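Work through the exercises below with the sequence and the 3D structure open. Try each task before reading its solution.

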Amino acid sequence: MGEWHRTHYCGEIGTGQVGAEVVVAGWVHRRRDHGGVLFVDLRDRTGIVQLVFNPDINPSAFSRADLVHSEWVIAARGKVQLRPAGMENPNLSTGAVEIYPNEVRILNTARTPPFYITDGDDVDESVRLRYRYLDLRRPALQRNIMLRHRIVKIIRDYFDSQGFLEIETPVLTRSTPEGARDFLVPSRLNPGTFYALPQSPQLFKQLLMVAGFDRYFQVVKVFRDEDLRGNRQPEFTQVDVEMSFPDRDEIFRHVEAMMAAVYKGALGIEIKTPFPRMSWQEAMDRYGSDKPDLRFGMAFVDLAAAAGKSTFEVFRRALATGGQVKGIVVPGGAAWSRKTIDQMENVAKDNGAGGLAWAAWGPDGVRSPVAKYFPEGIEAMLRAAGAAVGDLLLVAAGPAPVVARGLGAVRLAAGTQAGLIPTDQLAFTWVIDFPLFSYSEEEGRLVAEHHPFTAPHAEDMDLIDREPLRVRSWAYDLVLNGEELASGSIRIHRRDIQDKVFRALGFTQAEAQERFGFLLEAFEYGAPPHGGIALGLDRLVALMAGTGSIRDVIAFPKTSSGADLMVRAPAAVDKEQLDELHIRIKP
RNA sequence: GGAGGCGUAGUGUAGCGGUUUAACAUGUCGGCCUGUCACGCCGGAGAUCGCGGGUUCGAAUCCCGUCGCCUCCGCCA
């Protein structure tokens, strides 16, 4: 740039600068060469401004500009002028004006990029990831990354204003059982031992409460070595929060206020607080999911009474064995084709249900493959479901968890199919009173539904030994539009209760001591009651940015096989490095 | 770990019911063009069809394997 100093970002140039001499710098977005007059669109992170070069007006600037190509880096100094009448470009924020440079400096040349630096150019994601620094130049990703910054800034400001301290916790820590697979880091100084990267700063934040910091938060990377998805990365970012002497409402209030500040500050959207609450049991009973999408209705209806009057073997068997018969009503679904209904049945089957019964209540009567099993007529079941003429009733039967999962998936598919899910709504809800334990078929034992430090409800304490699956906990999730945004709990701070939970989870005293001894010991030195929550930042930003993939809001994401296609990680290392780490690769 | 989809000039696609000079668009290069903004017009170059093997007189095309990317299930306290 020499002695030049940029005076404006490209996107800042407007009618306010007309007549002024400005210096802009950026990338050549496009050049349009008309033989004589030459237009160069100059781009930076704020937008695009048009530079005009005319050989009759300024031959030296023209001949210099004539050299440039796409993505060259240039600076230009010149006067801002209103465009000639009729030449304005309404698609450009700077479209009312243009710059007539009297001097251009070529700051760097560029190879022709493998794809256009523009939105909407549908390039294979692996190509984009290989050249991520070019992909990131695209306006959509620039917007996402800037939005992410804004959101994080608001979150930090909010917690700071409320007396929370951001405290860093170790990245090299200790492997703990339960939960996801750990990423391991070999210790050179201690042969044969490994650090683990944190799945969350859970234990450290509890120790910070024991240490008396009272209100903690951290925007922190965490790591889980599990298979990936569009909204799952091996490393991702949490907003981790913990408080001493809280009650649950206080934690909810902070999260609600933080979310309100984020939506207002980053998108200008007012959201309504407090968020509604729903027990886990109700969520499962009515929506078949612990993260119900409440942007639309179609709640489950219990059809046991009506189904009990049928001779349909599937219904009778479900009810006789303590299971359920439940249905959802699709408004206007009676007009659906057989093919569409079959698709719904496939959704049910893909999600573990045996099948899907249905009854379409058309103007000419009811059409249903199971009508023949209803000696008194199937209309009674339709009425019990609250269906009206024109509606479609979809029914699943079986054990409660099977009905929940199968019909829950059908509800989402049918809601989407029927166009009932408004995309412009924000349906926040707290799901509370999760069960303390669930049963792991795989491990043949109880596992912690949230984590082993979650406090049980006091009135359910006596159930821990007798009916552990019925024990409710102080765990809660924040759900937005069917996605889990945050998850937390009030923790156990008493050693006797913690011991009881460990016993129920099948840990011996010795095992508990080996794995969590430091925490249990800390609790003996005056642990305050405490609790907190962790919010998935990437998902929140993705939702706010309107993208389905968190890869679009992470600057340098990994593929679904955990690879970074740009730096080509993971990669083999030298034998010398392995030797130092006392590691030998299995042949 | 399992299922499915995709892989052809730089990029996006067509060709896939077997024999083509592997087509189109865009980009790129050259020429022309003084108000465009996805500028336009003319011309050129650019692909051993992801990789390996098999079937066949003949394979981008069919079969097997493998690698990569994407989606879903399992998994993700």
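**Exercise 1.** Within what distance do the axes of H4 and H6 come, and at roughly what angle do they cross? Decide from this how the two helices are oriented, then list the residues in contact.

Solution. The model used here is a predicted one.

Step 1. The axes of H4 and H6 come within 9 Å and cross at roughly 140 degrees.

Step 2. An angle has to be over 145 degrees to count as roughly antiparallel. H4 and H6 are therefore oblique to each other.

Step 3. The crossing of H4 past H6 is right-handed.

Step 4. On the H4 side the contact is made by Leu147, Arg150, Ile151, Ile154, Ile155, Tyr158 and Phe159. H6 brings Arg253, His254, Ala257, Met258, Ala261, Val262, Gly265, Ala266 and Leu267.

Step 5. Sorted by class, the contact of H4 with H6 has 12 nonpolar, 2 polar and 2 charged residues.

**Exercise 2.** Repeat the analysis for H4 and H16, and state how the two helices are oriented.

Solution.

Step 1. H4 covers residues 139–161 and H16 covers residues 537–545. Their axes come within 10 Å, with a crossing angle of roughly 120 degrees.

Step 2. The range for roughly perpendicular ends at 115 degrees. H4 and H16 are therefore oblique to each other.

Step 3. H4 and H16 cross in a right-handed sense.

Step 4. From H4, the residues in contact are Asn144, Leu147, Arg148, Ile151, Val152 and Ile155. From H16 they are Leu537, Asp538, Leu540, Val541, Met544 and Ala545.

Step 5. The contact of H4 with H16 is made up of 9 nonpolar, 1 polar and 2 charged residues.

Step 6. Leu147, Ile151 and Ile155 of H4 appear in the contact with H16, and Leu147, Ile151 and Ile155 also appear in the contact with H6.

**Exercise 3.** Describe the packing of H14 (residues 495–504) and H15 (residues 509–523).

Solution.

Step 1. The two axes come within 12 Å and cross at roughly 155 degrees.

Step 2. That angle makes H14 roughly antiparallel to H15, since the cut-off is over 145 degrees.

Step 3. H14 passes H15 with a right-handed crossing.

Step 4. Arg495, Gln498, Asp499 and Phe502 of H14 make the contact with Gln509, Ala512, Gln513, Phe516, Leu520 and Phe523 of H15.

Step 5. The class count for H14 with H15 is 5 nonpolar, 3 polar and 2 charged residues.

**Exercise 4.** How many residues surround RNA strand B, and which are the closest? Then give the polar contacts of Asn89, Asp124 and Arg232 with the strand.

Solution.

Step 1. RNA strand B is surrounded by 50 residues, and the closest are Asp33, Asp56, Met87, Tyr116 and His450.

Step 2. By class, this surface has 13 nonpolar, 19 polar and 18 charged residues.

Step 3. Of the RNA atoms within 4 Å of the protein, 53% belong to sugar or phosphate, and the rest belong to bases.

Step 4. An N or O atom in the side chain of Asn89 is 3.1 Å from a base oxygen of RNA strand B. For Arg232, a side-chain N or O atom is 2.7 Å from a base nitrogen. Asp124 uses a polar backbone atom, 2.7 Å from a phosphate oxygen.

Step 5. Two or more residues of the surface near RNA strand B come from each of S1 (21–33), S5 (97–108) and helix H2 (125–130). S1 gives the largest share, 3 residues.

**Exercise 5.** Locate the cis peptide bonds before Pro274 and Pro570, and the positive phi of Asp214.

Solution.

Step 1. The bond from Thr273 to Pro274 is cis, with omega near -5 degrees. Pro274 sits in the loop between H6 and strand S11 (277–279).

Step 2. Ala569 and Pro570 are joined by a cis peptide bond with omega about -5 degrees. Pro570 is in the loop between H16 and helix H17 (575–580).

Step 3. Asp214 is a residue other than glycine with a positive phi, near 70 degrees. Asp214 lies in the loop between helix H5 (202–210) and strand S9 (215–223).

Technical notes. Residues numbered from 1 in each chain as written. Chains lettered and ligands numbered in written order. Predicted model: local features only at pLDDT ≥ 70, side-chain atom pairs only at ≥ 80, totals over all residues. Heavy atoms only, no water. Axes fitted to C-alpha atoms, helices over the stretch in contact; angles between N-to-C directions. Helix = DSSP H or I, 4+ residues; strand = E, 2+ residues; numbered from the N terminus. Parallel < 35°, antiparallel > 145°, perpendicular 65-115°, else oblique. Left-handed = near helix turned anticlockwise from the far one by under 90°. Contact = heavy atoms within 4.5 Å. Nonpolar A, V, L, I, M, F, W, Y, C, P; charged D, E, K, R; others polar. Near = heavy atom within 4 Å. Polar contact = N/O pair within 3.5 Å; in protein donor to acceptor, adjacent residues only side chain to side chain.
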